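Please look over the following model before reading the notes on its nonpolar cores, on two tyrosines and on one aspartate.

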2 protein chains.
Amino acid sequence: MAELRKDPILERWVVFSTERAKRPSEFLVEKAEKKQEIRCPFCEGNEGMTPPEILSYRKDDSRPNTPGWWIRVVPNKYPALRIEGELNKRQRGIYNMMDGIGAHEVIIECPQHLEDIFSLDQKNIEEIIWVYRDRMRDLAKDPRFEYALIFKNKGRIAGASLNYSHSQIIVTPVVPKRTEEELAGSNKYFTLKGKCVFCDIMNQELDSKERILWENEGFVSLCPFASRFPYEITILPRQHHCNFETITESEVKNLAVILRKCLGSLDKTIPNVPYNYLVHTSPYARASLGYYHWHLEIIPRLTRVADFEWGMGFYINQVLPEEAAG
Amino acid sequence: MAELRKDPILERWVVFSTERAKRPSEFLVEKAEKKQEIRCPFCEGNEGMTPPEILSYRKDDSRPNTPGWWIRVVPNKYPALRIEGELNKRQRGIYNMMDGIGAHEVIIECPQHLEDIFSLDQKNIEEIIWVYRDRMRDLAKDPRFEYALIFKNKGRIAGASLNYSHSQIIVTPVVPKRTEEELAGSNKYFTLKGKCVFCDIMNQELDSKERILWENEGFVSLCPFASRFPYEITILPRQHHCNFETITESEVKNLAVILRKCLGSLDKTIPNVPYNYLVHTSPYARASLGYYHWHLEIIPRLTRVADFEWGMGFYINQVLPEEAAG
């Protein structure tokens, strides 16, 4: 059983996933590129290679875990957190810990072996966004869970174990450190100015136009002023909502359009760019927060993160966002 | 001129070092291993290949920037921050920025081509620690500077551009985010309990012995309870001081002993382990802080940092610290 532990100084939680433990000799200093598996567990026809599906978009006359689907959600075969059990919160001296309870699911975004979401049709991408929302809502019913993290890894450098268009959802019994930081920072701004900092950023960026990438009725995409990484992108909904789950039908359409444009243009700039994207949303328990604004963050994985960037949260970036947006 | 920018949400500073800018086509998705340069700029005899030295430990009859030294401090040839100029703090709407002023120096730890500090003599390591202190103290005199970060990169994966025992010091005009977080977290604990959280950690670890690596009169080394990475190590001085600069002669001796043991045993466990170490100390302007305790952090670079670890500050570690310490 994995264990969650909280650093008593930074209040940052860590999962100890001892089931995936390695002996020292198993660490490779530079991982070799794995060969493409001959039978791909995500391709249509190989449904038996994954755990049974949780949800699928499939033809009416097809049965679960057989061909006929175009989006499929399955439990992660090697989950970071497990769904079964109690949290078992406990303390030893100054340390706090709990069991590694949560959910870890894979969203297989197409039945054929395609590498990137932007090569899918507009309609497919909309459906993927609906799946994000539906899995988030479904898992919200479980009182053990505090936060839902939706993310995508594209390319091995970005952590993808398969070159196949897919996303993941991890649902955690604690609020991640970064989310707490964003909540604290935006709350501080709200207390001072009575306004949402994300709305203010969006407005200032729309005025200056320097760092805007694409915009439509529902969303604005930009390279953030203090980007940590070259070609980093933030996609913000124009309508203030703290929670991704509130997304409307027209927003889903507009998000699909802008996400496809952002990723397509990024890949055009840097062919085969490895990247992560993450949905930043408020924790489950919070209702409507005036100070927080959900958004999607795209992080190209182009540079090795250095020494003191790691240790100090003091990053060096080689590309100005207004150049990246240019 | 590089520019520093503060993220208005997280209050995290970023350096924009546009002089080292790359065009998109220059990014390599996986960096190839560089060949060893034929003439090494750090080796004795090649002093002309570095900028003029700032400090050296050398034979009395030798002149600066010639052979005869055994430790040498030079400006970084490609500095992240530059020493010349004013901070030029300014604001544009909700954004704050300043010029990229600071210091960035390299400490060449031996005159011959050795790869790791633990292969040096005890006496050499003591002198390296004295150099850390002296450079920190000297740069503290500049009122533009807020923080001194001393760190080491060992191995290319850990960011070292040369396989040669060396450290770096970066002095910044802002306090790094991680330091602010540590200060805030430890201050909160102090307010609640009237005690230093680092002292409490050390005492609890010395009681349980589960995660202790080595200890001596001056220092305790341990694998932290909520380690983010396999085989992560913290070295804490027994004596409570917020600032590394207060290190005493006997502490220098004891730190040299324990640092050598920690790095030597780590390398024995995982041969040729790439790692970073960082000195965490209080900012220049703060006097004696009851709640903060300087320490040295060793981060082996064994695993690729994943997707949501990046984005969320929610890490997955595959090795328990008590096993790492075992």
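Which residues of the largest nonpolar core touch the most other members? In this predicted model, that core holds 82 residues, and those that touch the most other members are A:A148, A:L149 and A:C262.

**Nonpolar cores**
- Once neighbours within four places in sequence are left aside, the contacts of A:C262 are A:L213, A:W214, A:S221, A:I233, A:I235 and A:I298.
- Another core, of 81 residues, lies apart from the one just described, and its members include B:A80, B:F145, B:I201 and B:L259.

**Tyrosine 231 in chains A and B**
- In chain A, the loop between β11 (219-222) and β12 (233-237) holds A:Y231, a residue other than glycine whose phi is nevertheless positive, near 65°.
- A:Y231 counts as buried because 25 C-beta neighbours lie inside 10 Å, where the cut-off for a buried residue is 20 or more.
- In chain B, B:Y231 is placed in the loop between β11 (219-222) and β12 (233-237), and its phi, near 70°, is likewise a positive value in a residue other than glycine.
- B:Y231 has 25 other C-beta atoms within 10 Å and is therefore buried.

**Aspartate 138 of chain A**
- A:D138 belongs to helix α1 of chain A, which covers residues 122-140, and with 15 C-beta neighbours inside 10 Å this aspartate counts as partly exposed, since that class lies between the limits of 12 or fewer for exposed and 20 or more for buried.
- Measuring from C-alpha to C-alpha, A:D138 and A:I94 are 35 Å apart in space, while their separation in sequence is 44 residues.

Terms used: Residues numbered from 1 in each chain as written. Chains lettered and ligands numbered in written order. Predicted model: local features only at pLDDT ≥ 70, side-chain atom pairs only at ≥ 80, totals over all residues. Core = buried A, V, L, I, M, F, W, Y, C linked by C-beta atoms within 7 Å. Contact = placed C-beta atoms within 7 Å. Helix = DSSP H or I, 4+ residues; strand = E, 2+ residues; numbered from the N terminus.
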